[in-house]
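Work through the exercises below with the sequence and the model side by side. Try each task before reading its solution.

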Amino acid sequence: MEPPLSDCLREVHRLLDGSELPPRPLDRALRNLSGALAREVRLMEKLQNALAHINEGRFLDEVMNGLFNEFKGTIPFERIGLALLEDGDVVRARWAKSDLPEVKLLVGFAASMAGSSLKGVLRANRPRVLNDLTQYLKEHPDSISTKLVVEEGVRSSLTCPLIAEGKRVGFLFFSSKETGAYENEHVETYSRIAAHVSVLVEKSLWTNRLAAQKEEIEKKNAELSRLNDLKNSFLGIAAHDIRSPVGITQMVLDSIIKGGDKLDAAAQRSLLVESAALCRHALALLNDLLDVAKIESGKIELKPISFDLASLLRETAERHGRLAAVKGTRVVAEPPPPGDMRADPLRVRQILDNLVSNAVKFSPPESTVQIRARREAAGWRVEVEDQGPGLSEEDRKRLFQDFARLSAQPTGGEKSTGLGLAITRRMVEAHGGKIGANCPPEKGTTFYFYLPD
Ligand SMILES: Nc1ncnc2c1ncn2[C@@H]1O[C@H](COP(=O)(O)OP(=O)(O)O)[C@@H](O)[C@H]1O
Ligand SMILES: [Mg+2]
């Protein structure tokens, strides 16, 4: 078996020191060689020790911070950067650290590998030492990345390709402000270190990915549990608010079928009219519930087109105006500025119907509801203003929540499910828009929504 390197070096020294002849060129060459080898061995040992510590890091940031701290004083640098390869031959700066505040870190900066000298580094699978970047830039004036680092004052760089189990991972960059900081004779050592670091980086990337997946799963679980709660509250509402009208209607029908002859036609008719109203309300509630369920399960499909907002506002005002006339309430639409809205017209109509019917429902008789619209940065803002009771602080907190029946009560015997605004909010948000309400004191409420083009 061959003796270990350290024993060989010691033996060479002993022979050279013990020789009585004047030193020959071979002696000098041997002495130099053994000195260089000894330095290399020391560097390798230090870096191996450092790697053992770095190995304890789990996440990418831990591993890289460990590298930065452990390699300090062993390899010269003021900055270490890590760039990872992404699909499509792109390399992106993923991590960087420096002791010097003036050094920029450029994390997130991405560049194409096409035409970059990094391609050659990867192909050679060997660290590249550039010990005079000013000179390198003169010879390669097109290298944007070199231009950037030279401007920051970097003079030498050591670029290590990271390849883990045959898979190209990215690059590790050491940068120094000194010219000639990296010794070419250490390239072998750097190369071995880069092979270790590649595995550590790849491992930590998996740890990061797993953690991200775990977070994603937890988020999905929370969302599922929220949907489950919603479903339960729907069942509760359905059990109560839908069962009772159906139960009453059944009783009415039974009593007419069985004892119809005991009731005169007028009494029968009034019972039927009442049941019809109850059924209408149950159906409206059921439709609302189905709407919420559809939106929540992501099944709502928007069909955005360009349409004339002015006609929609006019038509809405007329339709609601006819119903509101029973209470002596007027619904007025101000003509909006010319231009089309781009959205799903059926949904916008539903949004407007909810806001206008609320404005009529919760305002005192004989009041006026105004609908207006104006262009805003890349979209439309539509407002529905009423002269109703406004909203309390408490109301505002729950305004767009499911089943929120707040302080205002219907003023003309209308029904309330407390789902209209919750659906409206979802419709607006599905369009990427915003909804809200303002109520200056004693002035009623103005609901508004903004839809982007
Ligand atoms: N324009 C308004 N002015 C005052 N309060 C309102 C107005 N619109 C809605 N509200 C309050 O918000 C609650 C929720 O409205 P909504 O979700 O449309 O349900 P619903 O109309 O079925 O009651 C209403 O019950 C009411 O108390
Ligand atoms: Mg409503």
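**Exercise 1.** In this predicted model, find which residue of strand 13 stands opposite Asn-438, and place that pair in its sheet.

*Solution.* Begin with the pair itself: the residue that stands opposite Asn-438 is Thr-446, in strand 13. Next, look at the strands involved, where strand 12 and strand 13 (residues 446-452) run antiparallel and are joined by five bridges. Then widen the view to the open sheet of five strands, whose order is 8-10-11-13-12 and whose pairing is mixed. Strand 8 (330-333) and strand 12 (434-438) each have a single partner strand, so one side of each is left without a neighbour in the sheet. From one strand to the next, the twist of this sheet averages 15 degrees.

**Exercise 2.** Determine which strands of this sheet are touched by helix 9 and which by helix 10.

*Solution.* Take helix 9 (residues 309-324) to begin with: this helix packs on the sheet and touches strand 8, strand 10 (368-376) and strand 11 (379-385), while its direction makes about 175 degrees with that of strand 8. Turn then to helix 10 (residues 345-362), which also packs on the sheet and touches strand 8, strand 10, strand 11 and strand 13. The direction of helix 10 makes about 170 degrees with that of strand 13.

**Exercise 3.** Describe the sheet of six strands, and name its edge strands.

*Solution.* Reading across the open sheet gives the order 3-2-1-6-5-4, with antiparallel pairing. The edges are strand 3 (110-112) and strand 4 (128-130), each of which pairs on one side only. The twist averages 20 degrees from one strand to the next. Inside this sheet, nine bridges hold the antiparallel pairing of strand 5 (residues 156-164) with strand 6 (residues 167-176), and Ala-164 has Lys-167 of strand 6 as its bridge partner. Helix 3 (residues 60-71) packs on the sheet, touching strand 1 (79-86), strand 2 (90-98) and strand 6.

**Exercise 4.** Is Ser-98 buried or exposed?

*Solution.* Locate Ser-98 in strand 2. Its relative accessible area is 18%, and because residues under 20% count as buried, Ser-98 is buried. As a last step, examine its side chain, a polar atom of which lies 2.8 Å from the backbone oxygen of Glu-78.

**Exercise 5.** Compare the radius of gyration of the protein chain with that of a compact globule of 453 residues.

*Solution.* Such a globule would have a radius near 22 Å, but the protein chain has 38 Å. The spans of the C-alpha trace along its principal axes are about 140 × 55 × 40 Å.

Note on methods:
Residues numbered from 1 in each chain as written. Chains lettered and ligands numbered in written order. Predicted model: local features only at pLDDT ≥ 70, side-chain atom pairs only at ≥ 80, totals over all residues. Heavy atoms only, no water. Pairing = 2+ DSSP bridges. Helix = DSSP H or I, 4+ residues; strand = E, 2+ residues; numbered from the N terminus. Axes fitted to C-alpha atoms, helices over the stretch in contact; angles between N-to-C directions. Contact = heavy atoms within 4.5 Å. Buried < 20%, exposed > 50% of the residue type's maximum accessible area, 1.4 Å probe, protein only. Polar contact = N/O pair within 3.5 Å; in protein donor to acceptor, adjacent residues only side chain to side chain. Rg over C-alpha atoms; globule rule 2.2 N^0.38 Å.
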